Amino acid sequence: MRSVGYITDEEGRPIFALVPVAQFTPATRRRLKPVAPITNAESGALDRLLVNPAMCLETAFLVNPIRAAREAAGITQSDLAFALRISQPMLSRQEQPLRRVRPGTVTRALEAIRRIQENRSRPTISLEGVLSGYGNRLAESAARKSRDPIERRLLREAGDPVALKEREDSVRQGGERRRPPKRNGT
Amino acid sequence: MTSRRWHYAPTPIGVPSALLDAFEQLKAEAVLVGGSAVQVWVGQREGIFATGDLDFITHLSVRDLAKAGIHVEETWGRHVVVDAIPIEFPTGPLAVGSYVFVKGEASTLVPAIEGRSILCLRPEASVLDRLTWVAGDQLEVGYAQALGVAVSQYRQVDWDGDWIDAIALKAGLGKLWRHLKGELASGVPTEKGLSRALKIGWG
């Protein structure tokens with residue numbers, strides 16, 4: 001991940017982005033054009049940096065990659081901590097500025113953020129709508145379900161509505177699990 | 001006081017207290033599977049989601065339950081009735097198709113109605129479990145239940161799409177899962193998609 005730092009104003013808002021010179025190549029510089037004239041706030045921050053660079057740089061901080069990715073994805077700290085199965089205070093510690101976080105920790109967090117984003121982008125589907133589209137096929141197939149005869153008898157005695165409609169000849173002795181046939185066809 | 005937050009979005013399930021007591025006493029890590037696990041994830045108990053029994057994968061036998069104080073009038077192999085609810089202990093281990101789960105890989109805690117928590121097959125695994133009905137017995141209801149679990153849970157923060165992709169392949173359900181995944185991504189699963197699923201089989 002590219003290193004980026006910020007110079008902030010008095011209220012902690014980032015005003016300037018700092019990138020290592022090695023990453024800011026002449027070609028990159030030629031491509032970049034200012035999108036707007038410099039504002040008073042930017043100009044003031046730049047003045048303070050020139051007058052007292054040490055003071056101003058004290059407010060600069062390296063962006064924590066976990067926090068940056070989480071905030072960019074619009075995920076709360078609570079949700080990410082929950083998904084990572086760690087406490088929120090622990091995630092908060094991992095997200096502290098300038099904190100050295102293990103690469104594996106960052107990878108796991110970024111992976112979780114990607115997963116959450118992916119899940120949230122999935123379409124909402126009306127289950128009732130889909131099932132009604134299947135019509136009578138579901139009820140008919142439920143009656144074909146194979147079961148252990150003892151299980152079927154117990155369920156019928158307990159009034160299970162599905163077992164009551166099942167055919168007697170659909171039998172799966174011993175409740176063996178369904179699995180693919182072996183390669184030799186047995 | 002804040003209420004506990006559960007992984008995924010489970011619906012509390014009714015389990016006889018006597019059975020939960022026995023599991024605790026016998027230190028059994030029983031995992032709820034089958035149609036009851038589907039109910040937990042879909043949140044419906046009617047129609048195609050109705051089921052009259054509770055299935056648990058555990059090392060326990062019905063005779064062990066008797067030792068823990070559960071009244072067992074008669075044993076029927078893997079079956080017992082507790083507080084008028086039929087309980088089945090399907091043959092273990094916890095597996096789907098040709099893939100046997102690593103311990104702890106496929107279960108998560110869910111709430112029981114009476115206040116305690118129980119282990120339950122996680123929803124991704126529950127989807128694959130239902131797809132074995134489709135591959136093995138060409139049952140439409142299995143596909144509908146798999147779809148129901150996925151639709152109800154796949155937007156949750158915990159849903160792990162990479163995990164289900166990988167396990168589906170190992171279980172011999174790769175093609176069926178890819179088909180269902182495609183239908184889900186389209187946002188409009190169809191009856192034609194159901195018919196196609198029934199022809200896919202294992203692999």
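In which sense do strand 2 (residues 54-57) of chain B and strand 4 (residues 85-88) of chain B run, and how many bridges join them? In this predicted model, the two strands run parallel and are joined by two bridges. One residue pair places this connection precisely: Leu54(B) has Ile87(B), in strand 4 of chain B, as its bridge partner.

Strand 4 of chain B also pairs with strand 3 (residues 79-82) of chain B, here in the antiparallel sense and over four bridges. Ile87(B) recurs in this pairing, since Val80(B) stands opposite Ile87(B). The hairpin formed by strand 3 and strand 4 of chain B has two residues between the strands, and Asp83(B) takes a positive phi near 50° in it. Both pairings illustrate a general principle: strands of a sheet pair through backbone hydrogen bonds, either parallel or antiparallel.

These strands belong to an open sheet of six strands in chain B, with the order 3-4-2-1-8-7 and mixed pairing. At its edges lie strand 3 and strand 7 (107-111) of chain B, each of which pairs on one side only. On average, neighbouring strands of this sheet are turned by 40° against each other, direction ignored. Helix 2 of chain B packs on the sheet and touches strand 1 (31-33), strand 2, strand 7 and strand 8 (117-121) of chain B. The direction of this helix makes about 90° with that of strand 1 of chain B.

The domain assignment places chain B in a wider frame, with domain 1 covering 17-121 and domain 2 covering 123-198. The centres of the two domains, taken over C-alpha atoms, are separated by 23 Å. Their contact takes 14 residues from domain 1 of chain B and 19 residues from domain 2 of chain B. Helix 2 (residues 34-42) of chain B provides four residues, the largest share of the side of domain 1 that touches domain 2. By class, that side of domain 1 of chain B divides into 11 nonpolar residues, three polar and no charged.

Helix 4 of chain B spans residues 123-137. It has 15 residues and reaches 21 Å from its first C-alpha to its last, close to the 21 Å expected at 1.5 Å a residue. Of these 15 residues, 14 are buried, so helix 4 of chain B is largely enclosed by the rest of the structure. Just after this helix, Gln138(B) takes a positive phi of about 50°.

Attention now turns to the other chain. Chain A has 11 helices and three strands, and along the sequence these follow the pattern β-β-α-α-α-β-α-α-α-α-α-α-α-α. Of the 186 residues of chain A, 18% count as buried. Among contacts in chain A between residues at least 6 apart in sequence, 59% join residues at least 24 apart.

The two chains meet through 40 residues of chain A in contact with 47 residues of chain B. On the side of chain A that touches chain B, at least two residues each come from helix 5 (77-84), helix 7 (103-120), helix 8 (127-134), helix 9 (137-142), helix 10 (149-157) and helix 11 (161-165) of chain A. By class, this side of chain A has 19 nonpolar, seven polar and 14 charged residues.

Definitions and conventions. Residues are numbered from 1 along each chain as its sequence is written. Chains are lettered from A and ligands numbered from 1 in the order in which they are written. This is a predicted model: local features need pLDDT of at least 70, side-chain atom pairs count only at pLDDT 80 or more; totals for chains, interfaces and linings use all residues. Domain bounds come from an automatic or database domain assignment. Two residues are in contact if their C-beta atoms, placed from the backbone, lie within 7 Å. Ala, Val, Leu, Ile, Met, Phe, Trp, Tyr, Cys and Pro count as nonpolar, Asp, Glu, Lys and Arg as charged, and the others, Gly among them, as polar. The expected span of a helix is 1.5 Å times one less than its number of residues. A residue is buried if 20 or more other C-beta atoms lie within 10 Å of its own, exposed if 12 or fewer, and partly exposed in between; C-beta atoms are placed from the backbone. Two strands pair if DSSP finds at least two bridges between them. Axes are lines fitted to C-alpha atoms, for helices over the stretch in contact, and angles run from 0 to 180 degrees between N-to-C directions.
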